[in-house]
Amino acid sequence: MSIALEGLQVTLRTPGADVPLVQDVSFRIEPGQVLGLVGESGAGKSLTASALIGLVAPPVRITAGQLTVRARAVSLDSPEAIRPLRGKEVGFVPQDPFTSLDPLFRVGDQLVETLRAHLPLDRVAARERAVQLFADVGLPSPAERFSHYPHQLSGGMRQRVAIALALCAQPALVIADECTTALDVSTQAQIVSLLARLVEERGTSVLLITHDLGVVGELATEVAIMYAGRIVERAPLGPLLRAPRHPYTRALLDAVPRIGGEVGGALPAIPGTMPRPGALPPGCAFHPRCPRASERCKNERPPLERSGDSELACWHPLEAGASRG
Amino acid sequence: MRLSLGLLEGTRRGTHVALLVIAAYVLLAAFARWVAPQPVQDLRSLDLMNASLPPFWNAEGNRAFLLGTDEQGRDVLSGVLFGLRLSMGVGFAAVALAMLIGVTAGLVSGYRGGWLDAFLMRAADAQLTFPAILVAMLIDGVARSVLPRSVHETLGVPVVIGAIALAQWVPFARAARVGTLVEREKGYVQAAQVMARPWGIILFGHVLPNVLGPIVVIATVGLGNAILTEATLSFLGVGIPPTSPSLGTLVRNGSAYLPSGAWWMVVFPGLALAGLVLAVNVAGDGLRDGLDPKQRGAVS
Amino acid sequence: MAESVPFLELRELTKHFELPRPLLARFVSRVPPATVRAVEGVSLTLGAGETLGVVGESGCGKTTLGRLLVGLEVPSAGEIRLRGQRLEGGANRRPRALQGRIQMVFQDPYASLDPRWKVRDIVTEPLVTRLSSSAHRDRAAQLLALVGLSSKDLDKYPHQFSGGQRQRLAIARALCAEPELVVCDEPTSALDVSVQAQVLNLLKETQRRLGLSLVFISHDLAVVSYVTTSVAVMYLGRVVEWAPRSVLFRAPAHPYTRALLETIPDVNRPGRRRAAIPGEVPSALAPPPGCAFHPRCPLAEARCRVERPELRDIGGGTLVACHVVQTRESTQPAEEAVHG
């Protein structure tokens, strides 16, 4: 059963005015597929994740949006509707492995507690399941680790525990919010392999939130690029990385340093910075920084249009099929 | 200044009212000499004929003495105004001194660490085991026995200020120390160290302004405590020498006449004291709240 | 290497941290205190106007090395020499007169500028002699221009700037006293990709213009490949490989370096799985005997478990600390795929 998000709108309610933070975000993820949601800080990707698990608190509010999970449609603007989904239908792997586990409880107990909250298991059965889950996520000596406290585990191991917690109730969707960012490169690689394997084995849908295009390249089947609160391009992984159509996507990819690139030249950097919410320029939000901007771009915001299996919001997209070489 | 604006943002109306009340008290106390109907320190202005008069709305009252008089003919209202001046003056001075001692100790302790830190913090812990009143009484008692009477009279007020400050410096030290421990690890402090700036400048130019927030809040609450402590000491007879009565002294004097029905000698000083401390505490609470949500209100 | 004195020289630089123990245990116990060997016997050189990259994962000691360079930590042993002059004085502490010749750009742009100071005071803080206030302003404006900010920003506070702009301010500050060497500790790790590109370009441009030398510390090998002239790879406090930039990335010698390069995802080759290094970085409190990398090394032999390898020149400018990789011939050039 696919996951579908329709028209998510997140707003900051201030006494002066309402500031839109995330606007009109929609996507669909099939089982076993990974959607990479990519954007720089301030683009709204983490907020999208928070909205999907109901962690948005006033003065920030979800003003519109519908999430369909396991054929159930839930209206996101009511916090009570989201809460029952948390854990059972939607799992969450947070970014910081060092603060996401309760330091006062053993990791095994934390997993058991979560299991029993969502599934009808007695203590013995839950314990067995927990140890099994620890083994599934590649935690060495799972039975021993059961009785360890978080501080006795390394960052990589804690992240495995976090993944076990997210998956234990067998949710249809797992949201991974920058879950490899705080890890060393070699540990990152291990976690990425783990996630890939789990997705294949369990057929879970994954929403992978990250700013790291490298991780996206390894895990995602489809990528959506966010800019200033909206999705500006969405396409399957290969085509997006090889031949992006939105100038921002292209510029972003070009700005990533590559080994083997020239030492002498300058890294193609995007001038300026992303506009902050509430200070968006008229027309296309990217136009002040876009080398292809025209009069139309300054006045009219391009709508997100579908073509085939991709979406694009741009008046002057790059040529389809023009490779980055 | 950025600091004060930061604190006032996001505070409730109650805080604003409390701050206005405190401002009113301060003005009244500062201008007591001109506002007060009777210069109560001047013994020649007293007339025993006016002794023990009730407030003016009472049948036996006198318009000249709005809130009544005490057993020596001193106008209660004037007494309260002058007493306020002393109570607030001692309160402010004690808190300022406590802040000076405490913040310096906390900054140095947090920054240098090691033996100095251990020593200062154990001293602080030891200090906290003594209730403030007892500490103040202890110091005052020692001062009385050690100093000749005339010296003690002149030094009376500074001794009380010192005693109260000594009882109150610890929360400042702790807040300053914790703040310092946090700021010490930050880039801007380390950058200053890399530039070989003297540690005094780093502490007072960089660290101090950034840890002041919670300290200002502690100071406001501490002010209420200091005023009450002074009043308690005066009430117990071990505070400021009675020649210049504070609100506590007035309450002490007046309480002797309470059984005879002269309620106004106790009630008005008491109300003034309670009102002041209440306003100070509400303002302190409000400032503390003003600090927190502002930081939590940021959108992730 | 030239016969003349190298611009920067580290000789057997070492830093040990003793874990604090309760007072009584210090006097009573015979067991020596647990020590973290953060930096162990590091010897490196750098030429003027060049950039040395120091890479490694967390716990490898690169941050401590950076702190030793700028004088925030006192070495337990070894020396740092700038143009031949030893920087350590009595008790290994750096004398005040020599402090400040090496400046630093810190990782966190949100904590490296005093939030209560105005920009013009922040960037001119390193000035030793106090100038008149207009001279101060001029100098500040000059520095801001150097990093691409305008003099309109002089009277603003840090919170009015974005992360990338704050790093520019941090760079301006580091350059104020005209240091000869600037240590950059993960200066772009906290920044977005597009901003990172701007800051890296700025660093390179400024280095070229002012003839600066840089030590660039990072865990991001791709970034390092972009800005450096030579690279040292650290593992558990020691340098395991040191080579000119192009050589290291084209033909990495040490098994750890090769494994690290394999774990870098390549945006241009989507879908490629990284070959992960098995196991985890051991604790610095209990480093494995012999070669610290041997438990995770695909080439480990019996000798590696027992004897710690020294840094050895294997030709092509590469120094490697490995028993197995002895000569340049035995290093197979890494797969084409990694180096695009």
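**Exercise 1.** In this predicted model, work out how many residues chain B and chain C each bring to their contact, and which elements of chain B take part.

*Solution.* Start with the two sides: chain B supplies 14 residues and chain C supplies 19 residues. Next, look for elements of chain B that give two or more residues to the side touching chain C; these are α8 (187–194) and α9 (199–236). Of this side of chain B, α8(B) provides the largest share, seven residues. Finally, sort the residues on the side of chain B by character: seven are nonpolar, five polar and two charged.

**Exercise 2.** Find the residues that touch the most other members of the largest nonpolar core, then follow A:Tyr227 to its contacts.

*Solution.* The largest nonpolar core has 270 residues, and those touching the most other members are A:Ile175, A:Leu207, A:Leu208, A:Tyr227, B:Phe172 and C:Val239. Helix α4 (residues 76–112) of chain B gives the most to this core, 18 residues. Now take A:Tyr227 and set aside its neighbours within four places in sequence: its contacts include A:Gly39, A:Ala43, A:Val232 and A:Tyr248. A:Met274, A:Ala285 and A:Phe286 are also in contact with A:Tyr227.

**Exercise 3.** Decide how the radius of gyration of chain C compares with the globule rule.

*Solution.* First, list the secondary structure: chain C has 10 helices and 12 strands. The radius of gyration of chain C is 21 Å, close to the 20 Å that the globule rule gives for 340 residues, so chain C is as compact as a globular protein of that length. As a further step, consider burial: buried residues are 48% of the 340 in chain C. Last, among contacts in chain C with a separation of 6 or more, 65% join residues 24 or more positions apart.

Key:
Residues numbered from 1 in each chain as written. Chains lettered and ligands numbered in written order. Predicted model: local features only at pLDDT ≥ 70, side-chain atom pairs only at ≥ 80, totals over all residues. Contact = placed C-beta atoms within 7 Å. Helix = DSSP H or I, 4+ residues; strand = E, 2+ residues; numbered from the N terminus. Nonpolar A, V, L, I, M, F, W, Y, C, P; charged D, E, K, R; others polar. Core = buried A, V, L, I, M, F, W, Y, C linked by C-beta atoms within 7 Å. Buried ≥ 20, exposed ≤ 12 C-beta atoms within 10 Å, placed from the backbone. Rg over C-alpha atoms; globule rule 2.2 N^0.38 Å.
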